[in-house]
2 protein chains.
Amino acid sequence: MSGITGELWRRINEKREEYLEILTGLLSFPSVSATGEGMGEAAGRVAEALERVGLRSEVFTDHGGYPVVWGELREERHGTLLIYNHYDVQPPDPLEKWASPPFQPTIRNGRVYARGACDNKGNLAARLCALDLLLDAIGEVPLNIKFLIEGEEEIGSPHLSRFFQNHKELLSSDACLWEMGGASPSGRPLIYLGAKGILYLELHASEKRADLHSSWGAIVRNPAFELVHLLSSIRDRSGRVLIEGFYDDVQTPDSETIALLEETSGFESEVRAIAGEDGLLSNKPAKELLYDLTLMPCINICGIYSGYTGQGSKTVLPSSAFAKLDIRLVPGMRPEKVLELVKNHVERVSGGRVSVVPLDMGYPAARTSPGEPFVELVSKTAESAFNLKPIIYPSAAGSGPMYLVTDILRTPCVAAGIGDHQSNIHAPDESISIENYLRGILHVALIIVNFVPFMRGGVTPYL
Amino acid sequence: MSGITGELWRRINEKREEYLEILTGLLSFPSVSATGEGMGEAAGRVAEALERVGLRSEVFTDHGGYPVVWGELREERHGTLLIYNHYDVQPPDPLEKWASPPFQPTIRNGRVYARGACDNKGNLAARLCALDLLLDAIGEVPLNIKFLIEGEEEIGSPHLSRFFQNHKELLSSDACLWEMGGASPSGRPLIYLGAKGILYLELHASEKRADLHSSWGAIVRNPAFELVHLLSSIRDRSGRVLIEGFYDDVQTPDSETIALLEETSGFESEVRAIAGEDGLLSNKPAKELLYDLTLMPCINICGIYSGYTGQGSKTVLPSSAFAKLDIRLVPGMRPEKVLELVKNHVERVSGGRVSVVPLDMGYPAARTSPGEPFVELVSKTAESAFNLKPIIYPSAAGSGPMYLVTDILRTPCVAAGIGDHQSNIHAPDESISIENYLRGILHVALIIVNFVPFMRGGVTPYL
């Protein structure tokens, strides 16, 4: 590292404790949108964190649902960067699988453990610290900054489209830095040019009777079996979805996008580290797996429940059964149409005995072209910050309401962040490495200082 | 009612409060063999209840497992009746579905509500009261009585066969009155000449990795789907078991047994009351349904669980999934062979990814011939006690280790009891009607006083 990059990195390390405190402050309260736990106070605490680093904050509730925390640093600069994050987190259970309580951030082996450490309070903290860093190191932030921090990402962002309708002017910007991303197992930064869409639903099978002694199972219908038969009709053993028409609208990716899939070295080791020996659905080569993961839709069982699941042997014929499914969508697929296809399939196969309950509205996928200048800026600055060449994926495997930026605002949008293959997002012992957190701060600072020169003239004077 | 029957019925009603107190005493403590709740004290409290009505009691533990409570009233009579009951109960959950706490017996609308009210403490109480009644009304019990009250029926009686090996002499008797039975919706007493065998097992699918963000579901194996595919390969939508060889050893019933299936009127109304509108697996006529329920084996899902089952939408790829199954066996089927068939099927279909864990050893089915004199005695006395002609089924749909009596002791065994179609055994709000409880006391008393004359000379002088 040299020049401004080296100077910023030196200052980050000087302020390491303060930046960890900004992080742990955000991790010390629950904000579980799925259950509502802690959501009453969360927006206010996030707004305080914004004010602390010098942003003007505002809490919006006009869209309905949990508040959006808005932050601004606007001084008539020649460019505007929109930064998207969310302050809600996934439910922490199963609690007994956490080594330390999920809302008491704990440092072990150079990592910070807490629910939200990576997804998404850690990413938010790094970006806030980047502003503090620039104000501290160079006395100004040479770019208009807009923070959009929503509280419903983990439940499918059901009200965010209304926020975009209500505040189109406020949201206008030259580019958007999205919430997720991280490093491969070898430490190379991962950059995503899109996100999948999502549809989340429950399937309910229930009978108009009480639970019965299981001996009746010889002639009385069992909703657990009804559900099991239905679920096995939805997806085959290889993971292929069997619902008629499911793949009809999947857009064929262009050659620039396909070309991104050539870089599989980081992906292969990540997959091995994550899925475990023999943990994959198929023996496909890495490039095809990467294609499936980033460019293909899928259906997953997130949970299933019926009857007695405690200790020992209770012989009961349950009166109901349910499953929770998420469906990941790719460009071309519309959630309302996919929901119709699912409903028709469930009706046909179950004979009306299983009902479909969508939990949120769902949203479509988003994609930014690899040729967008902002992609190159995020990539070049990542290489400086992490000292390794980044890996660019056409899309995250995960979802986010990024289509509001790419398709409604028509603004290029790129995701980069601070996670890694050990981050356990949506699972017990979620964590980030402190090293990645600090490098993430540097990365965002470098994006900001180089933004105007690069977007206007293609140069990065501050690397 | 006339003669001795009328006199006994009058005395029962006189002592109604005392007999209800004997019942609620047994219902006031938990004894959940599946979880162990309350099992430390249960045997002692049951032994006290036996002593209260004049039985000599003994608590056996030499067979291993939870104690057997033994009771005797033996005065060198010319006949011996063995009475089988169990003091353990099913787990009470889901607790929130009970209108009153499961171990606080509560009377509402002429019914007693509590876990075990019917299965099986209510039946035990009625039989104890029958002894009290005879001692009170005629000053003696004209029959040797042996009570065998085990504590592991609800978990498959894993140690009872050892008790039978250890105490063959003690158990010798002329006939055995088994634990279950009740009344049809129209009030006709139901008598069972057998019980199914059982095999209870868990299926576990698990991956060597943590729970993951569900976006990985596009390429990483989901144990919930593995389990769902396996379960749907075990049983088709009509309930027919698809495991190779499953039906091979099922014995064809004889014509006397088949003849019992002609009486379907009580059965039809019971099924309608229990299964609800459109709640049956098939549209077969009643006689065929009764055949399936009493004379055919079946496999049932008692419980299934994986991933997130709480409120809202958590997007997780679970690392494990499990199901609990019970398999009901009929004469000819051996539990160890059926377990092998299941294991082979699971291994073949899941490719070794799902494992089979039998929770208990299991036991085979039992059947007593409709031509046995004891069947007629139980039937005639039931008609007197309940004022309605009984319905005799070749077997209960449920299971019990009755084979130890019929196949090891070679003693005829008949089940009759105090339940009804609203009893909700193994389910929330288990209950019995007080009327049926009192008539059940009368029934057992009539069996006892008529036993020697009928078994020796075919007469029932005390009806």
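## Reading a two-chain model: axis, shared sheet and helix packing

Tyr305(B) is the residue of chain B that comes closest to the rotation axis, its C-alpha lying at 2.3 Å. The model discussed here is predicted.

Me: To begin with the axis, by what turn and shift can chain B be laid on chain A?

Reply: Such a relation is read from the turn, the shift along the axis and the RMSD of the superposed copies. Here a turn of 180° with a shift of 0.0 Å along the axis lays chain B on chain A, and the RMSD is 0.1 Å. That is therefore the relation of a two-fold axis.

Me: What share of the contact residues of chain B recur in chain A?

Reply: The share is 100%, and the same surface serves both copies. The contact takes 76 residues from chain B and 76 residues from chain A.

Me: Which elements of chain B give two or more residues to the side that touches chain A?

Reply: They include three helices, namely helix 7 (223-234), helix 9 (265-275) and helix 10 (286-295) of chain B. Strand 12 (212-213), strand 13 (298-307), strand 14 (316-317) and strand 15 (320-329) of chain B are also among them. Strand 13 of chain B supplies the largest share, nine residues. By residue class, this side of chain B divides into 34 nonpolar, 26 polar and 16 charged residues.

Me: How many bridges join strand 13 of chain A to strand 13 of chain B, and in which direction do the strands run?

Reply: Strand pairing is read from the bridges and from the relative direction of the strands. Strand 13 (residues 298-307) of chain A and strand 13 of chain B run antiparallel and are joined by five bridges. Within this pairing, Tyr305(A) stands opposite Tyr305(B). Tyr305(B) is also the residue of chain B that comes closest to the rotation axis.

Me: What is the order of the strands in the open sheet of eight strands?

Reply: The order is 16(A)-11(A)-15(A)-13(A)-13(B)-15(B)-11(B)-16(B), and the pairing is antiparallel. At the edges stand strand 16 (354-358) of chain A and strand 16 (354-358) of chain B, each of which pairs on one side only. On average, neighbouring strands in this sheet are turned by 25° against each other, with direction ignored.

Me: Which residue is the bridge partner of Glu202(B) in strand 16 of chain B?

Reply: The partner is Val357(B). Strand 16 of chain B is joined to strand 11 (residues 197-206) of chain B by five bridges, and the two strands run antiparallel.

Me: Which strands form the open sheet of three strands in chain B?

Reply: Its order is 4-5-20, with antiparallel pairing. Strand 4 (106-108) and strand 20 (431-433) of chain B are the edge strands, each pairing on one side only. Three bridges connect strand 5 (residues 111-113) of chain B with strand 20 of chain B. In strand 20 of chain B, Ser431(B) is the bridge partner of Tyr113(B). Helix 14 of chain B packs on this sheet, where it touches strand 5 and strand 20 of chain B. The direction of helix 14 makes about 70° with that of strand 20 of chain B.

Me: At what angle do helix 4 and helix 14 of chain B pack?

Reply: Two packed helices are described by the angle between their axes and the distance between the axes. Helix 4 (residues 121-137) and helix 14 (residues 434-457) of chain B pack at about 55°, and their axes are 8 Å apart. The two helices of chain B are therefore oblique to each other. The crossing of helix 4 of chain B past helix 14 of chain B is right-handed.

Me: Which residues meet in this contact of helix 4 with helix 14 of chain B?

Reply: Helix 4 of chain B contributes Gly122(B), Ala126(B), Arg127(B), Cys129(B), Ala130(B), Leu133(B) and Leu134(B). They meet Tyr437(B), Gly440(B), Ile441(B), Val444(B), Ala445(B), Ile448(B) and Val449(B) of helix 14 of chain B. The residues of this contact divide into 11 nonpolar, two polar and one charged.

Me: Turning to the backbone, is the peptide bond from Asp93(B) to Pro94(B) cis or trans?

Reply: The omega angle decides this point. The bond from Asp93(B) to Pro94(B) is cis, with omega near 5°, and Pro94(B) lies in the loop between strand 3 (80-86) and strand 4 of chain B. In chain A, the bond from Asp93(A) to Pro94(A) is likewise cis, with omega near 5°.

Me: Is the phi of Asn109(B) positive or negative?

Reply: Asn109(B) has a positive phi of about 50°, although it is not a glycine. Asn109(B) is placed in the loop between strand 4 and strand 5 of chain B.

Note on methods:
Residues are numbered from 1 along each chain as its sequence is written. Chains are lettered from A and ligands numbered from 1 in the order in which they are written. This is a predicted model: local features need pLDDT of at least 70, side-chain atom pairs count only at pLDDT 80 or more; totals for chains, interfaces and linings use all residues. Axes are lines fitted to C-alpha atoms, for helices over the stretch in contact, and angles run from 0 to 180 degrees between N-to-C directions. Helices (H or I, at least four residues) and strands (E, at least two) are DSSP runs, numbered from the N terminus. Angles under 35 degrees count as roughly parallel, over 145 as roughly antiparallel, 65 to 115 as roughly perpendicular and the rest as oblique. A crossing is left-handed if the near helix is turned anticlockwise from the far one by less than a right angle, and right-handed if clockwise. Two residues are in contact if their C-beta atoms, placed from the backbone, lie within 7 Å. Ala, Val, Leu, Ile, Met, Phe, Trp, Tyr, Cys and Pro count as nonpolar, Asp, Glu, Lys and Arg as charged, and the others, Gly among them, as polar. Two strands pair if DSSP finds at least two bridges between them. Copies are superposed by least squares on the C-alpha atoms of residues with pLDDT of at least 70 in both.
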